[in-house]
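Please open the model in a viewer and keep the selection tool at hand. The tour below proceeds from one selection to the next.

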Amino acid sequence: MAKSSHEIEHPIKAFGWAARDTLGVLSPFNFSRRATGENDVQFKVLYCGICHSDLHMLKNEWDNSKYPIVPGHEIVGVVTEVGSKVEKVKVGDNVGVGVLVGSCRKCDSCTNDLEQYCPSHIGTYSTTYYDGTTTYGGYSDLMVANEHFVLRWPENLPMEAAPLLCAGITTYSPLKYFGLDKPGLNIGVVGLGGLGHMAVKFAKAFGCNVTVISTSINKKDEAIKRLGANSFLISHDQEQIKGATSTLDGIIDTVSAEHPIAPLLNILKPHGKLVMVGAPPKPLELPVFPLLMGRKIMGGSIIGGMKETQEMLDFAAKHNITPQVEVVSMDYVNIAMKRLSKSDVKYRFVLDVGKTLKVD
């Protein structure tokens, strides 16, 4: 049987799980990786987080998927080979790769350590690399990446904390950039899922008072007793929301479904900031009057640059901040996707690739 192009386009044999169409069903997949170049790092994948964006991409819900797709951009493993000019890591080191594997390195964003905003950034999977081939992610046995996009994984950080590479930096970065990381500030977190629980953990580590805002009263005990939030609001309880008017310095909104913005703006103090990190599929209605009346700001943020992501990992290691995860085997991945679509996980699935990926 003739081999397909993705099996022979590069010299290194690779194996993972891929989806072939918009049904999004993953199954074993033979493909290839490029040879380790002089600036490249090759590593054996041990763990890979399942991000909600993987689910969107598998089903082409953002209209930019390239099939076949090997998802995964929360990847942690052990270095097996380095190029002759690599200085950051050596064979045997623990490393991670997040959402990015390339950028132009020349534009204003890149020169200011904001590679995620580079107009020509390259995603870890389902995008086109410099050589014209498609990138494949971490639901696979090995990775090859330019050392600039490889992160040093702190020794005392569990490798199954892989979701820090997306959920972690997605919440850490806006807290830092928008000045919501100062001790004593009152910070709201909308939604208590994969992103939300990390926002709570980082905000608490910064010394902030945290209010979790959720549609579900069932999450109150989890938010306060387990994650250490200071208070809890039901977003559709008008009395609670009214009672919280002008109490928060900033809000990190992690919700990826349609939801009203006006109540959130009303509970911000004057000069308060509402930062969106979730990605609702449809436009949200933005009421302007509440912005005007308090000189409030609404903004957005996505992941972080390489320098800041390394900073986040080091901070997480120092303060023992890890995501709450459910580690599952590779052959469980399709069930995990179904459960994820129903929000049936606390709070992230992580694939144990190293022990459970069986190479055909």
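**A hairpin to begin**

This is a predicted model. Begin by selecting alanine 18, which stands opposite serine 27 in β2. Extend the selection to strand β1, residues 12-19, where 7 of the 8 residues are buried, so that the strand is mostly covered. Next add strand β2, residues 26-33; β1 and β2 pair in the antiparallel sense over 8 bridges. The two strands form a hairpin with 6 residues between them. Within that turn, select glycine 24, which has a positive phi of about 75 degrees. While the strands are displayed, a general point may help: in a regular strand the side chains alternate between the two faces of the sheet.

**Charged pairs**

How many salt bridges does a search of the whole structure find? The search finds 10. As a general matter, side chains of opposite charge can pair when their charged atoms come close.

Select arginine 34 together with aspartate 40. These residues form a salt bridge in which the closest N and O atoms are 3.0 Å apart. Arginine 34 counts as buried, at 18% relative accessibility, and aspartate 40 counts as buried at 8%.

Now move to lysine 346 and glutamate 222, whose salt bridge has its closest N and O atoms 3.5 Å apart. This pair links distant parts of the chain, its two residues being 124 residues apart. Lysine 346 lies in the loop between α11 (333-341) and β17 (348-352), while glutamate 222 belongs to helix α6, residues 220-226. Are the two partners buried or partly exposed? Lysine 346 is partly exposed, with a relative accessible area of 46%, whereas glutamate 222 counts as buried because its relative accessibility is 13%.

The next selection is glutamate 326 with arginine 339. Their side chains meet in a salt bridge, at 2.9 Å from N to O. Here too the pair links distant parts of the chain: glutamate 326 is in strand β16 (residues 325-328) and arginine 339 in helix α11, 13 residues apart. Glutamate 326 counts as partly exposed at 26% relative accessibility; arginine 339, at 18%, counts as buried.

To finish with the charged residues, select Lys176, Asp181 and Lys182, which are linked in a network of salt bridges.

**Cysteines without a bond**

How many disulfides does the structure hold? It holds 0. Select cysteine 51, which is in no disulfide; the nearest cysteine sulfur, that of cysteine 166, is 3.8 Å away. Cysteine 51 counts as buried, at 6% relative accessibility.

Then select cysteine 104 and cysteine 107. Why is there no bond between cysteine 104 and its closest cysteine sulfur? The sulfur of cysteine 104 is 3.6 Å from the one in cysteine 107, which is too far for a bond, because a disulfide requires the two sulfur atoms to be within 2.5 Å. Cysteine 104 counts as partly exposed, at 27% relative accessibility.

**A nonpolar patch on the surface**

For the last stop, display the surface and select Leu286, Val288, Phe289, Leu292 and Met293. Together these residues make a nonpolar surface patch of about 560 Å². Leucine 286 lies in the loop between β14 (268-276) and α9 (289-294). Is leucine 286 buried or partly exposed? Leucine 286 is partly exposed, with a relative accessible area of 42%.

Technical notes:
Residues numbered from 1 in each chain as written. Predicted model: local features only at pLDDT ≥ 70, side-chain atom pairs only at ≥ 80, totals over all residues. Heavy atoms only, no water. Patch = residues over 30% accessible without salt bridge, like charges linked within 9 Å, V, L, I, M, F, W, Y side chains within 5 Å. Areas by Shrake-Rupley, 256 points an atom, 1.4 Å probe, with all protein chains shown as cover. Salt bridge = Lys/Arg side-chain N within 4 Å of Asp/Glu carboxyl O. Helix = DSSP H or I, 4+ residues; strand = E, 2+ residues; numbered from the N terminus. Buried < 20%, exposed > 50% of the residue type's maximum accessible area, 1.4 Å probe, protein only. Pairing = 2+ DSSP bridges.
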